[in-house]
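Subject: Structure handover

Dear colleague,

Here is the structure we talked about. My notes follow below it.

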Amino acid sequence: LTVGGASAGSIDFGASLDGDEAELIGQDGFDNRLNISGWTNGVATVNGGVSSDDTIVGPNGGAQFNATLAKEGTVNGNSYQEIENLEGGDGDDQFVIANTVAIPGTVNGGAGGNDTLNFSNVIATAVTVTATSLSANNGFTGSVTNVNGGAADGFLNINAVVGTGADDILEGQVLNGGIPVDGTFNLSASSGTFVANLRTLNFSDFNEFTGGNANDTFNVNSS
């Protein structure tokens, strides 16, 4: 199926059955949103097209996105290419970034679930993750070194982050309505939680922690 014509730019796929196969090709030059949230069986191949800012929405019920190249990868066995933005469905999603990969767009955990941004396969360089605000659906919005060029809204609706195991930095600089929010870091070895405004960000394999412009608390070796 090729998305084209005057209405080019968006397509939602319905439910799939075992054995179903589909190829989705976005219109070149359009910002295509290719939604396979109902595609929980079968195999889909998604191509966003060139010269655009395209989004894939993964299957509901939980999905693993494997970003193997900047605009290419797989999600629950479905392949994608020429996709800039990754978005989860209503389940627990995991976004696994391969070594040296920089995602050109955003990573969005989606409307529900506990969603994880995972850099455990990255060995080329450490990452800095900064939680900057509370997301509209759940979790946090923020920036990370190799997603969306480090922009403040590089990730959205994220509930957990996994570092590289190197000298990764987690920064809690959350604003709510432009006002700095108190943050609490609960640290146990290189894992723990960051809590701000009753929201919790779980983390593992981070080694440096930085607060924001409010009153921050660091609980070391907390249970």
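With which residue does E84 form a salt bridge, and how far apart are the closest N and O atoms? The partner is K71, and the closest N and O atoms of the two are 3.2 Å apart. This pair links distant parts of the chain: E84 is in the loop between β8 (78-81) and β9, while K71 is in the loop between β6 (64-69) and β7 (72-75), 13 residues apart. E84 has a relative accessibility of 5%, so E84 counts as buried. K71 is at 32% and counts as partly exposed.

Before the rest, a word on confidence. The model is predicted. Its mean pLDDT is 88, and 89% of the residues reach 70 or more. Over residues 1-7 the pLDDT stays under 50, and for that stretch the model has 17 contacts beyond four places in sequence. Please read those contacts with that pLDDT in mind.

Overall make-up

The chain has 23 strands and zero helices. It is 223 residues long, and 47% of them count as buried. If one takes the contacts between residues at least 6 apart in sequence, 50% of them join residues at least 24 apart.

Salt bridges

The count comes to two salt bridges. Besides the pair described above, R33 forms a salt bridge with E87, with 3.0 Å between the closest N and O atoms. R33 belongs to strand β3 (residues 33-35) and E87 to strand β9 (residues 85-87), so this salt bridge ties together parts that are 54 residues apart in sequence. R33 is partly exposed, with a relative accessible area of 33%. E87, at 16% relative accessibility, counts as buried.

Strand pairing around β13

Strand β13 (residues 128-134) is joined to strand β17 (residues 169-176) by five bridges, and these two strands run parallel. Within this pairing, S133 has L175 of β17 as its bridge partner. Five bridges also join β13 to strand β14 (residues 140-144), here with the strands running antiparallel. V129 is bridged to V144 of β14. β13 and β14 make a hairpin with five residues between them, and G139 in the turn has a positive phi of about 70°.

Nonpolar core

Which residues have the most contacts inside the largest nonpolar core? They are I56 and L117, in a core of 42 residues. Leaving out residues up to four places away in sequence, L117 touches F95, I97, V107, V144, F155, I158, A160, V161 and V162. V144 in that list is the residue of β14 that is the bridge partner of V129.

T116 lies in strand β12 (residues 116-118). Is T116 buried or exposed? T116 is buried, with a relative accessible area of 15%. Not counting residues up to four places away in sequence, T116 touches D93, Q94, F95, A160 and V162. F95, A160 and V162 are also among the residues that L117 touches. As background, side chains in a regular strand alternate between the two faces of the sheet.

Aromatic residues

The count of aromatic pairs comes to seven. One of them is F203 with F209, a tilted pair at 5.2 Å centre to centre with 45° between the planes. F203 and F209 are both buried. They belong to one aromatic cluster that is formed by F140, F185, F194, F203, F206, F209 and F218.

N47 and its contacts

N47 is in strand β4 (residues 43-47). At 18% relative accessibility, N47 counts as buried, as the cut-off for that is under 20%. Its C-alpha atom is 5.8 Å from that of E82, although N47 and E82 are 35 residues apart along the chain. With neighbours within four places in sequence set aside, N47 is in contact with L24, I25, G26, L34, Q81 and E82. L34 falls within strand β3 (residues 33-35), the strand that holds R33 of the salt bridge with E87.

For a look at the model on screen, two places to begin are the salt bridge between R33 and E87 and the hairpin of β13 and β14.

Best regards

Definitions and conventions: Residues are numbered from 1 along each chain as its sequence is written. This is a predicted model: local features need pLDDT of at least 70, side-chain atom pairs count only at pLDDT 80 or more; totals for chains, interfaces and linings use all residues. Side-chain values use heavy atoms; hydrogens and water are left out. A salt bridge is a side-chain nitrogen of Lys or Arg within 4 Å of a carboxyl oxygen of Asp or Glu. Helices (H or I, at least four residues) and strands (E, at least two) are DSSP runs, numbered from the N terminus. Buried means under 20% relative accessible area, exposed over 50%, partly exposed in between (1.4 Å probe, protein chains only). Contact means heavy atoms within 4.5 Å. Rings of Phe, Tyr and Trp (its six-membered ring) pair if their centres lie within 6.5 Å; planes under 30 degrees apart count as stacked, over 60 as edge-to-face and the rest as tilted. A nonpolar core is a set of buried Ala, Val, Leu, Ile, Met, Phe, Trp, Tyr and Cys residues joined through side-chain atoms within 4.5 Å. pLDDT is the predictor's confidence in each residue, from 0 to 100. Two strands pair if DSSP finds at least two bridges between them.
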